[in-house]
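Q: Please take a close look at one part of this molecule and set it in the context of the rest of the chain.
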Amino acid sequence: MFRLTGLFAAAAIGLTATSASAQPAVPSMQQVHLLLGGIQGVVIDERGGPLVGAMVSALGVTSAMATTDGRGHFVIQPLPSGQYVLRVNHAGYVSARREGVRVGTLAADVDHIQMRRADADALAARPILTAGVAVTPATDTTTADEGDSHSETAWRLRHVKRSVLKDSGSPVTVADAAADQPIPEAGSIFGRAVDGAATAAANFFTTTPFSGEVNLLTSSSQASTTPFFVSDLAPRGIAYLSIGAPVANGRWDVRASMSQSDVAAWIVAGSFHTRIATAHDSAFGVSYSTQQYQNPELRPVGLGRAADDSHAVGEIYGGDHWTLSPSLALDYSARYAHYDYLHQRSLISPMVGVTLTPMDSHTHLDVHIAQRMLAPGAEEFLAPSLVGPWLPPERTFAPLEGQDLRVERARLLDIGLDHQFNGAYVVGVRRFQENVDNQLVTLFGVPVDGGPESPGHYFVASAGSFAAQGWAFRVASAPTQLVRGSIEYSLSRADWLSRGDMAAIAVWSPTAIRPRSDDIHDLTTSLETELPQTSTRLFVLYRLNNAFAGGTDPRSAPDYRFDVQVNQALPFMPFSGTARWEVLVGLRNLFRDPADTASIYDELLVTHPPKRVIGGVLIKF
């Protein structure tokens with residue numbers, strides 16, 4: 001009773017207040033819909049005309065970029081709610097900056113951002129950075145009448161190496177300092193190629209507005225029965241890097257992360273998002289993750305029937321968003337994943353959706369049809385939809401009692417209707433149906449003889465097949481001030497059509513064997529807030545459900561899941577420049593990210609999930 005009372009109290013606080021900023025999940029079917037927003041505006045020149053091809057970057061809770069179109073218009077979305085700083089760059093113009101842009105559920109409109117043309121003389125007088133030392137470039141006193149000598153002697157004099165520690169003379173650039181090769185003949189093909197490559201490289205690193213983040217994190221896990229802040233697993237150091245930059249009509253991003261302990265793991269991923277036209281967005285990406293066992297004692301159980309001491313997963317995905325008219329939009333995408341530890345190694349997950357917006361722009365009707373193929377252990381290798389670092393594979397898994405690893409297939413239909421009232425509240429209702437084969441069951445804390453006792457190890461099995469349908473109702477407050485809250489209640493009915501590894505599952509978790517007809521009640525709330533006085537962001541997600549598997553008594557009380565994240569900015573960090581320094585502390589017992597689940601049972605059939613603690617320093621630039 002006290003859990004329900006506290007839950008409704010938190011929801012009431014979030015609904016009576018407004019606004020927020022934190023780390024919400026991407027909206028998805030069958031899960032809590034945490035709304036995202038965006039930023040839109042127009043970039044103009046000193047005469048008031050549209051500026052085409054300007055690079056606009058947003059830095060805040062996350063970082064993103066966009067390029068202005070023929071009308072000087074840009075749209076950056078989706079973005080988590082919060083405060084952002086806009087930076088605008090364009091060749092030949094002085095960079096512009098706009099601070100304090102707040103993102104809510106709707107796109108934040110930014111007044112015209114005006115850029116003035118750079119003065120060539122002013123640019124020539126700017127300090128340049130050479131080997132980390134700022135100096136003023138020497139003035140070329142050669143007049144047009146005197147001409148410019150192109151002799152070999154003049155070339156050597158212009159490129160002679162000088163120390164940056166000398167008081168006289170101009171320091172050479174990095175490219176000149178490395179010019180130990182023979183001097184290419186003037187006008188030769190090789191000479192022009194070297195000069196062109198050096199110029200292109202210099203322009204790439206000096207004119208490209210990079211953005212991203214560097215994180216140094218520590219992660220650990222503790223069993224569900226262990227008191228808070230008492231770790232059962234030795235902390236693991238994690239290094240995470242994300243960097244991206246705009247290109248013509250698009251943006252590329254690269255992410256990488258690695259950790260080292262009993263299980264060495266690393267990931268690398270790249271993506272490209274392009275805006276082909278005003279009404280057409282497309283995205284393409286690839287990722288590769290690997291996990292290798294350093295401790296030979298984990299080999300017999302941890303890898304099951306794998307042929308070697310590692311797991312590896314690769315994924316390719318792509319999608320399009322077409323705005324066919326102001327009232328009609330079309331989305332379609334597909335994901336192809338390859339798992340080296342499965343018999344059915346190649347999995348394809350397609351999706352298609354339609355969004356209808358009547359004349360009233362505050363009402364949206366969404367229809368989505370999808371097939372999701374979910375492999376055992378996929379949550380360890382595939383990129384999450386949540387904003388934040390992508391942790392490398394840390395947990396180990398194996399089939400229960402020697403069973404084969406089977407792939408879960410979910411076919412989904414979701415119809416949703418949302419309406420925003422007076423810019424303050426969003427009310428939504430959804431109707432969903434799903435048919436699932438080989439529903440996954442995830443078992444933590446199973447005392448198998450000879451198996452690892454780490455809380456980070458789990459076993460997987462199949463519960464069978466079912467068909468389900470239900471309704472979901474949601475109310476959320478629009479983030480216009482400091483706090484945003486949301487609450488979603490769903491009622492669904494599942495009919496089990498076949499059973500899987502019932503005998504093996506019943507030994508360790510009888511509550512994971514659901515009744516033939518199962519009524520599921522779910523209540524999920526979220527609360528987000530930002531304290532500008534201390535530059536603190538807080539995100540809390542709490543989920544209560546009557547069908548969580550865990551205890552040995554099928555009549556046990558409703559169980560819960562939670563996710564808490566706190567980001568504290570460090571404005572006093574030295575040498576930060578335009579970078580934003582933050583300290584992250586997170587605690588959760590959610591096993592899967594809300595946007596990554598395929599069926600209503602994916603989180604429900606996770607028994608005794610450990611509490612996962614993560615903390616560290618984030619540097620966003």
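Leaving aside neighbours within four places in sequence, with which residues is leucine 605 in contact?

A: This is a predicted model, in which local features need pLDDT of at least 70 and side-chain atom pairs count only at pLDDT 80 or more, while totals for chains, interfaces and linings use all residues. Residues are numbered from 1 along each chain as its sequence is written, and side-chain values use heavy atoms, with hydrogens and water left out.

Apart from neighbours within four places in sequence, leucine 605 is in contact with Gln439, Leu440, Val441, Thr442, Ala463, Ala512, Arg514 and Ala549; contact means heavy atoms within 4.5 Å. Leu605 also belongs to the largest nonpolar core, a group of 29 residues. Such a core is a set of buried Ala, Val, Leu, Ile, Met, Phe, Trp, Tyr and Cys residues joined through side-chain atoms within 4.5 Å. Buried stands for under 20% relative accessible area, exposed for over 50%, and partly exposed for values in between (1.4 Å probe, protein chains only). Together with Leu400, Val441, Phe466, Ile600 and Tyr601, Leu605 touches the most other members of this core. At least two core residues each come from β20 (408-421), β21 (425-437), β22 (440-444), β23 (457-462), β24 (464-477), β25 (483-499) and α8 (502-508). Helices (H or I, at least four residues) and strands (E, at least two) are DSSP runs, numbered from the N terminus. Of these elements, β24 gives the largest share, three residues. A second, separate core has 22 residues, including Ala54, Ala64, Val110 and Ile113.

Several strands that supply the largest core also carry charged pairs. A salt bridge is a side-chain nitrogen of Lys or Arg within 4 Å of a carboxyl oxygen of Asp or Glu, and by this rule the count comes to 20. In one of them, the side chains of aspartate 437 and arginine 409 meet at 3.0 Å, N to O. Because aspartate 437 lies in strand β21 and arginine 409 in strand β20, this pair ties together parts that are 28 residues apart in sequence. Aspartate 437 is partly exposed at a relative accessible area of 21%, and arginine 409 is partly exposed at 30%.

Strand β20 also takes part in another pair. The side chains of aspartate 418 and arginine 474 form a salt bridge at 3.0 Å, N to O. Aspartate 418 in strand β20 and arginine 474 in strand β24 are 56 residues apart, and the pair links distant parts of the chain. Aspartate 418 counts as buried at 18% relative accessibility, and arginine 474 is buried at 4%.

A further salt bridge joins aspartate 519 to arginine 493, with the closest N and O atoms 3.2 Å apart. Since aspartate 519 lies in strand β26 (residues 517-531) and arginine 493 in strand β25, parts that are 26 residues apart in sequence are tied together. Both partners are partly exposed: aspartate 519 has a relative accessible area of 39%, and arginine 493 has 40%. Elsewhere, Arg537, Arg580, Glu582 and Lys620 are joined into one network by salt bridges that share partners.

Two members of that network, arginine 580 and lysine 620, are also bridge partners, the latter in β31. Strand β29 (residues 580-588) runs antiparallel to β31 and is joined to β31 by nine bridges; two strands pair if DSSP finds at least two bridges between them. Strand β10 (residues 211-222) likewise pairs with β31 in the antiparallel sense, over 10 bridges, and leucine 217 has glycine 616 of β31 as its bridge partner. Strand β31 (residues 611-620) is mostly covered, with eight of its 10 residues buried.

Another sheet is open, with four strands in the order β3-β2-β5-β6 and antiparallel pairing. Its edge strands, each paired on one side only, are β3 (63-67) and β6 (96-103). Strand β2 (residues 55-59) is joined to β3 by five bridges, and in β3 serine 63 is the bridge partner of leucine 59.

For the chain as a whole, there are eight helices and 31 strands. Buried residues make up 46% of its 621 residues. Among contacts with a separation of 6 or more, 65% are between residues 24 or more positions apart.
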